[in-house]
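Let's take a walk through a protein model together. Have the sequence and the 3D view ready, and follow along one stop at a time.

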Amino acid sequence: MELRQLHYLIAIADEGNLGRAATRLYVSRPALSYALRRLETELGIRLFDRHSGGVTATAAGLDVLSEARRTVVQAERITAAAERHRRAASGVLRVGFEASGAGELTTRARAEFARRHPGVRVEPKRFDWGQEAEAVRDGRVDVAFVWVPLTDVEPLKVALAWPTGGGSPPVDGFAAVVREPAG
């Protein structure tokens with residue numbers, strides 16, 4: 001069984017007519033009729049009663065249709081999840097650092113990040129001492145390497161920040177000062 005067949009089944013049920021369903025799906029009516037017969041044969045049940053006005057789902061057809069709708073929705077969720085990760089893997093990560101303290105840690109972290117996320121371009125942003133946290137707060141950078149304690153800034157939680165929309169964080173191995181006060 002293919003996802004395409006489930007889309008066909010749903011369109012036939014929604015339209016109640018093979019001709020209208022074929023038009024909606026941009027396929028010929030004979031091709032749609034053939035696909036329906038093949039699906040019914042594969043499943044071993046009749047999904048629709050055919051009559052002069054069109055088609056009506058059988059009891060078995062209604063059960064199968066309900067599962068088909070759920071399956072199509074789940075397939076759309078899978079596509080959306082993959083798209084979120086594709087977008088995350090082909091973006092830009094703005095990294096703040098204090099020039100004199102950047103050193104080997106940032107170099108190693110950037111190299112590891114580049115290895116894990118080759119589609120993401122890292123844009124390093126240099127800041128004067130203590131300005132990295134403020135840059136995260138006001139959105140000039142996505143993450144930052146900071147020296148602690150920060151004397152002129154209220155205490156903050158140190159966490160990994162990533163865009164909303166779910167999924168795994170795209171910046172493994174980086175810690176960022178986020179906008180949430182500690183406590």
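## The big greasy middle

Start with the largest nonpolar core, which has 19 residues. The ones with the most contacts inside it are Leu9, Ile12, Leu18, Leu32, Leu36, Leu47 and Phe48. Four helices each supply at least two residues of this core: helix 1 (3-15), helix 2 (18-25), helix 3 (29-43) and helix 4 (59-88). Helix 1 gives the most, with six residues. Keep in mind that you're looking at a predicted model.

Now click on Phe48. Leaving out residues up to four places away in sequence, Phe48 touches Leu9, Ile12, Ala13, Leu36, Glu40, Val55, Thr56, Ala57 and Thr58. There's also a second, separate core, made of eight residues, including Leu93, Val120, Val143 and Phe145.

## A charged residue tucked away

One name on Phe48's contact list is Glu40. Is Glu40 buried or exposed? Its relative accessibility is 9%, so Glu40 counts as buried, because anything under 20% gets that label. You'll find Glu40 in helix 3. Setting aside residues up to four places away in sequence, Glu40 touches Ile45, Arg46, Leu47, Phe48 and Arg50.

Leu43 also sits in helix 3. This one is partly exposed, with a relative accessible area of 32%. Together with Met1 and Ile45, Leu43 makes a nonpolar surface patch of about 240 Å².

## Helix 1 up close

Helix 1 has 13 residues. From its first C-alpha to its last, helix 1 reaches 18 Å, close to the 18 Å expected at 1.5 Å a residue. Which residues of helix 1 are buried? They are Gln5, Leu6, Tyr8, Leu9, Ile10, Ala11 and Ile12. Right after the helix comes Gly16, whose phi is positive, near 70 degrees.

Next, look at how helix 4 meets this region. Ala68 lies in helix 4 and is buried, with a relative accessible area of just 2%. Not counting its neighbours within four places in sequence, Ala68 is in contact with Leu6, Leu9 and Ile10. Here's a nice pair to pick out in the viewer: Ala68 and Gln5 are 63 residues apart in sequence, but their C-alpha atoms are 9.2 Å apart in space.

## Charged pairs

Time for the charged side chains. Side chains of opposite charge can pair when their charged atoms come close. How many salt bridges does the count come to? It comes to 14.

Take Asp14 and Arg24, whose closest N and O atoms are 3.3 Å apart. Asp14 lies in helix 1 and Arg24 in helix 2, so this pair ties together parts that are ten residues apart in sequence. Asp14 is partly exposed, with a relative accessible area of 39%, and Arg24 is partly exposed at 39% too. Asp49 and Arg46 form another salt bridge, with 2.4 Å between the closest N and O atoms. Both partners are partly exposed: Asp49 has a relative accessible area of 31%, and Arg46 comes in at 49%.

Then there's Glu134 with Arg137, a salt bridge of 3.4 Å, N to O. These two are three residues apart in helix 6 (residues 131-137), so they are separated by about one helical turn. An α-helix has 3.6 residues a turn, so residues three or four places apart point the same way. Glu134 is partly exposed, with a relative accessible area of 35%, whereas Arg137 is buried at 16%. Elsewhere, salt bridges that share partners join Asp14, Glu15, Arg20, Arg24 and Arg69 into one network.

## Stepping back

Zoom out and look at the whole chain. The protein chain has six helices and seven strands. Reading from the N terminus, the elements run α-α-α-β-β-α-β-α-β-α-β-β-β.

Of the chain's 183 residues, 32% count as buried. The accessible surface comes to about 11,100 Å², and 54% of it belongs to carbon and sulfur atoms. As for who meets whom, take the contacts between residues at least 6 apart in sequence: 58% of them join residues at least 24 apart.

Definitions and conventions: Residues numbered from 1 in each chain as written. Predicted model: local features only at pLDDT ≥ 70, side-chain atom pairs only at ≥ 80, totals over all residues. Heavy atoms only, no water. Core = buried A, V, L, I, M, F, W, Y, C linked by side-chain atoms within 4.5 Å. Buried < 20%, exposed > 50% of the residue type's maximum accessible area, 1.4 Å probe, protein only. Contact = heavy atoms within 4.5 Å. Patch = residues over 30% accessible without salt bridge, like charges linked within 9 Å, V, L, I, M, F, W, Y side chains within 5 Å. Areas by Shrake-Rupley, 256 points an atom, 1.4 Å probe, with all protein chains shown as cover. Salt bridge = Lys/Arg side-chain N within 4 Å of Asp/Glu carboxyl O. Expected span 1.5 Å × (residues − 1).
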